[in-house]
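Hello,

Here is the structure I said I would pass on. Please open it before you read my notes below.

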Amino acid sequence: MSDQHDPAPYDALLLLSFGGPEGPDDVVPFLENVTRGRGIPKERLKEVGQHYFLFGGVSPINDQNRALLDALRTDFAAAGLGIPVHWGNRNWAPYLTDTLREMVTDGRRHIAVLTTSAYASYSGCRQYRENLADALATLEAEGLPLPRVDKLRHYFNHPGFVEPMIEGVLASLAELDPALRAGAHLAFTTHSIPDSAADSSGPVTEHGDGGSYVRQHLDVARVIADAVRERTGNDHPWELVYQSRSGAPHIPWLEPDICDHLEALHVAGAPAAVMVPIGFVSDHMEVLYDLDTEATAKAAELGLPVRRSATVGADPRFAAAVRELLLERAAHERGARAERCALGALGPSHDLCPIGCCPARAERPAAAGADSPYA
Ligand SMILES: CC1=C(CCC(=O)O)c2cc3nc(cc4[nH]c(cc5[nH]c(cc1n2)c(C)c5CCC(=O)O)c(CCC(=O)O)c4C)C(CCC(=O)O)=C3C
Ligand SMILES: [Fe+2]
């Protein structure tokens, strides 16, 4: 095996995701898992439950992850990587702890972890590291050997993540009436989070002014907008906006909301818009409900033609990017050099979250970072 295709020291990949309900009876227990100890208003929970019931109580996220698992296994097999790919979730079966127990029982000892969140934030990064620490603590209490778990770096600016989104925008623009197309606005959207969580996202040196979370999204948005301009010859105006806000109304969260933004575009005379969900790896419920249902209805009411561009999902280029991220990190762990692909101005993200990265409101053990209590 050539050095560039050697996954050692890794003996497995773990796909770590959010999880979602698979039927009406799962919805409330799922929401209880998500919101445990987090003071989400009851009204918001009822509302979110309705979003799931509208789709038969089934979140799209699990099937998206099954498709990504297939794509990863296909890619790894074709590249001769010879390591298994497993899947575990934070909030629903298959639960992370059960998957990790199975992996350890199968003899896996050095596991690379890919989360289905591409950016820095407490919810998208540290909380997954806390989940890993909790799972390791459970295995330890059960007397099982502890594997080493390494979280692969943020991939928001990896070409295998960005290129499918560029194509998605071009496809959505092509669907618009040719008379409206050239003037169409691009509304890049991501999950709103509290301003305080945004400001403290990423390494301490990045804190303030929306932190790494906002900076990373702006960088990806700029790369996509530049590529679209190069490929179409049209300079589409763009903005980064937010969706899926929760929490109490008096606590500031990132704004503007996509629906308010569509209204502002309409008032300003924009001919059309493409909503580009750069914050989501696949068609999560936030995409199907907040964009395809709610924002699309808002646009229809305004008479503003809109399209929603595709998420990356199980695109083979994304699967290949995951392999590259694993091999790059494997080489680094062996003390070898490896190419670290990244588009945009920020460069490749850190391998190991430094101390103080994306802090929690209440400090808890987090694995796979400089402050990990595990090896
Ligand atoms: C940054 C971010 C991502 C992206 C990174 C990543 O992908 O991980 C993300 C993903 C997701 N969020 C999801 C679902 C929910 N998130 C909630 C609540 C919250 N999310 C937050 C942030 C994020 N969330 C925050 C700050 C809250 C409030 C309080 C809290 O920290 O808990 C709630 C509770 C009700 C509500 O408040 O809406 C639900 C049901 C699903 C599954 C969707 C599906 O089923 O397809 C996915 C992928
Ligand atoms: Fe982080």
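**Where the ligand sits**

Ligand 1 lies between two domains, because domain 1 (3–156 + 314–333) and domain 2 (159–308) both give residues to the shell around it. Please keep in mind that this is a predicted model.

The shell around ligand 1 holds 25 residues. The closest are G20, S59, S117, S246 and H284. Four elements give two or more residues each: α1 (27–35), α2 (42–54), α5 (122–141) and α11 (285–302). The largest share comes from α1, with 3 residues. Sorted by class, the shell has 13 polar, 9 nonpolar and 3 charged residues.

**The annotated pair**

The unreviewed UniProt entry carries a "binding site" annotation on H191 and E286. These two are spread over 96 residues of sequence. In space they cluster, with a largest C-alpha distance of 8.2 Å.

H191 lies in strand β5 (residues 185–191). E286 is in helix α11. That helix is one of the elements that give two or more residues to the shell around ligand 1.

Are the two residues buried or exposed? H191 has 24 C-beta neighbours inside 10 Å, so it counts as buried. E286 has 20 such neighbours inside 10 Å. The cut-off for buried is 20 or more, so E286 counts as buried too.

Now their contacts, leaving aside residues within four places in sequence. H191 is in contact with Q243, S244, G279 and E286. E286 touches H191, Q243, S244 and F280. So the annotated residues touch one another, and Q243 and S244 appear on both lists.

**How the domains meet**

The centres of domain 1 and domain 2, taken over C-alpha atoms, are 25 Å apart. Across the interface, 27 residues of domain 1 are in contact with 23 residues of domain 2.

Which elements build the domain 1 side? α2, α3 (61–78), α5 and α12 (316–333) each supply at least two residues there. α12 gives the most, with 5 residues. By class, this side of domain 1 divides into 15 nonpolar, 8 polar and 4 charged residues.

Two of these elements also turn up around the ligand. α2 and α5 each give two or more residues to the shell of ligand 1, and each supplies at least two residues to the side of domain 1 that touches domain 2.

Best wishes

Key:
Residues numbered from 1 in each chain as written. Chains lettered and ligands numbered in written order. Predicted model: local features only at pLDDT ≥ 70, side-chain atom pairs only at ≥ 80, totals over all residues. Near = placed C-beta within 6 Å. Nonpolar A, V, L, I, M, F, W, Y, C, P; charged D, E, K, R; others polar. Domains from an automatic or database assignment. UniProt positions renumbered as here; feature names shortened; annotations may be inferred. Buried ≥ 20, exposed ≤ 12 C-beta atoms within 10 Å, placed from the backbone. Contact = placed C-beta atoms within 7 Å.
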